[in-house]
Amino acid sequence: HISNQIGTSAIKSSNGSIIKSTGDFEDSDSKFIPIIYSLLQDTGALLCGDPLRRITISFDTYSYVIAQSDGIIQIAKLPLDEKI
């Protein structure tokens, strides 16, 4: 668990279905999770078999940290000044 999370989500890497969401990701109408899943599929195709460890997407005031392990994709939305 990382302190100061704005939102978190766990999704299945096999099909992108949401396992659990908190904070900003709790809205079931959120279009963000499918976009992240699609991004990871595209990135995986570019990696040519190398395992994905972590992706960070930064904006002016927050960032998304995305990691995959054991068939689960973990997404955390953090204030930009949050250290990982």
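Isoleucine 66 is a good place to start in this predicted model: beyond its sequence neighbours up to four places away, isoleucine 66 touches Ile36, Leu40, Arg53, Arg54, Ile55, Ile57, Ile73, Gln74 and Ile75. Ile66 also belongs to the largest nonpolar core, which has 12 residues in all. Aromatic rings are the other theme here, with a count of 6 aromatic pairs.

**The nonpolar core**

- Alongside Ile66, the members of the largest nonpolar core are Ile11, Phe25, Phe32, Ile33, Ile36, Tyr37, Leu40, Ile55, Tyr64, Ile73 and Ile75.
- Helix H1 (32-47), strand E4 (62-69) and strand E5 (72-79) each supply at least two residues of this core.
- Helix H1 gives the most, with 5 residues.
- As general background, nonpolar side chains tend to be buried together in soluble globular proteins.

**The aromatic cluster**

- Ring pairs join Phe25, Phe32, Phe59, Tyr62 and Tyr64 into a cluster.
- Phenylalanine 59 and tyrosine 62 form a tilted pair, because their planes stand at 35 degrees, with ring centres 5.2 Å apart.
- Tyrosine 62 and tyrosine 64 are edge-to-face, because their planes stand at 80 degrees, with ring centres 5.4 Å apart.
- Lysine 77 lies over the face of tyrosine 62, at 4.3 Å from the ring centre.

**Buried or exposed?**

- Phenylalanine 59 is partly exposed, at 40% relative accessibility.
- Tyrosine 62 is also partly exposed, with a relative accessible area of 23%.
- Tyrosine 64 has 8% relative accessibility, so it counts as buried, the cut-off being under 20%.
- Tyr64 has a place both in the ring cluster and in the largest nonpolar core.

Notes: Residues numbered from 1 in each chain as written. Predicted model: local features only at pLDDT ≥ 70, side-chain atom pairs only at ≥ 80, totals over all residues. Heavy atoms only, no water. Phe/Tyr/Trp six-rings, centres within 6.5 Å; stacked < 30°, edge-to-face > 60°. Buried < 20%, exposed > 50% of the residue type's maximum accessible area, 1.4 Å probe, protein only. Lys NZ or Arg CZ within 6 Å of the ring centre and 35° of its normal. Core = buried A, V, L, I, M, F, W, Y, C linked by side-chain atoms within 4.5 Å. Helix = DSSP H or I, 4+ residues; strand = E, 2+ residues; numbered from the N terminus. Contact = heavy atoms within 4.5 Å.
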